[in-house]
Amino acid sequence: MEILRVENLRKEYGQGNSKVVALDGVDLTIERGEFVAIVGPSGSGKSTLLHVIGGVDSPSDGKVYIDGNDISKYSSKELAYFRRRKVGLIYQFYNLIPNLTVRHNIELPLKLDKRKINQDEFSDIVKKLGIESKLDSFPSELSGGQQQRVAIARSLIYRPSIILADEPTGNLDRENSQIIIDILKYFNKTLKQTIILITHDDKIALKSDRIVTIVDGKIIGDEINE
């Protein structure tokens, strides 16, 4: 069953001679529970594609359907609700709130949405991520790998339809990069969590179920990993 469908997606910046075409007629379908890596050179449009899928940026043209809903028609307010309820975003720079503890950073999306926290699910996630002893710590007291685990916990806590990870290992060493990818793979398999991962690292891309290659705003390759 498909969870994401992108139809003839275009994104342009600027006008006239300064116009930049970041996405040039992208078509893409992703099934529920897939782990997909999007690869391509710097400036190829892969991060732009992720941001449009996640409702962080709006397309110039085309459609984006998630769970059957065309988010390209949403207002800014509707997109804010959509991101909070349907999309888990993981970034290279963690984006944790520095003056909140680990516990409060993880719980923040649910509190913003005035949703009750399921303590059993919370405990299960932080235990699997190995951060149960860090719940009262602040982000500055954590290593990069630990901060990224907190970001993953925050993205999982409200059980989003899809997780979008933009270079989540970009600031980590090889060992911690491997740990983070193994964690994402674990939740993909155990929770059937759909994950779209942007990476420039071929070894990380090979951990996914499928590799989509984008160059100059166009998809030029789409392969299943055996």
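Reader: Which element gives the most to the lining of the largest pocket?

Author: Rolling a probe the size of a water molecule over the atoms shows where empty space is left. In this predicted model, the largest pocket has a volume of about 380 Å³. Its lining has 15 residues, and R83, L89, P109, R154 and Y158 are the closest to the pocket centre. Two or more lining residues come from each of α2 (76–86), β6, α3 and α5 (144–156). Strand β6 gives the most, with four residues.

Reader: How many residues of each class are in the lining of the largest pocket?

Author: Nine residues of the lining are nonpolar, three are polar and three are charged.

Reader: I should like to turn to the backbone. What is the phi of N95?

Author: Most residues other than glycine have a negative phi. N95 is not a glycine, yet its phi is positive, at about 55°. The residue is found in the loop that lies between β6 (87–91) and α3 (102–112).

Reader: Where is K114 found, and what is its phi?

Author: K114 is found in the loop between α3 and α4 (119–129). Its phi is also a positive value, near 55°, in a residue other than glycine.

Reader: Why is K114 classed as exposed, and N95 as partly exposed?

Author: The classes rest on relative accessible area, with exposed meaning over 50% and buried under 20%. K114 has a relative accessible area of 77%, so it is exposed. N95 has 42% and is therefore partly exposed.

Reader: How should the open sheet be read, and what is the order of its four strands?

Author: One reads the strands in their order across the sheet, and then looks at which of them pair on one side only. Here the order is β2-β1-β4-β5, and the pairing is antiparallel. The edge strands, each pairing on one side only, are β2 (20–31) and β5 (69–70).

Reader: How many bridges join β1 to β4, and which residue stands opposite D61?

Author: Strands β1 (residues 2–13) and β4 (residues 61–66) run antiparallel and are joined by five bridges. R10 stands opposite D61 in β4.

Reader: Finally, where is D209 found, and with which side chain does its own side chain make a polar contact?

Author: D209 is found in the loop between α7 (202–205) and β9 (210–215). The polar contact joins its side chain to that of K185, at 3.2 Å. Leaving aside neighbours within four places in sequence, the residues in contact with D209 include G33, E34, F35, N188 and E223.

Definitions and conventions
Residues are numbered from 1 along each chain as its sequence is written. This is a predicted model: local features need pLDDT of at least 70, side-chain atom pairs count only at pLDDT 80 or more; totals for chains, interfaces and linings use all residues. Side-chain values use heavy atoms; hydrogens and water are left out. Two strands pair if DSSP finds at least two bridges between them. Buried means under 20% relative accessible area, exposed over 50%, partly exposed in between (1.4 Å probe, protein chains only). On a 1 Å grid over the protein atoms alone, a cavity is a set of points where a 1.4 Å probe fits but cannot get out, and a pocket is an open set with protein on both sides within 12 Å along at least five of seven lines; lining residues have an atom within 4 Å of a point. Grid points are joined across faces, edges and corners, and a volume is the space filled by probe spheres set on the points. Ala, Val, Leu, Ile, Met, Phe, Trp, Tyr, Cys and Pro count as nonpolar, Asp, Glu, Lys and Arg as charged, and the others, Gly among them, as polar. A polar contact is a pair of N or O atoms within 3.5 Å; within protein, one must be able to donate a hydrogen and the other to accept it, and residues adjacent in sequence count only if both atoms are side-chain atoms. Contact means heavy atoms within 4.5 Å.
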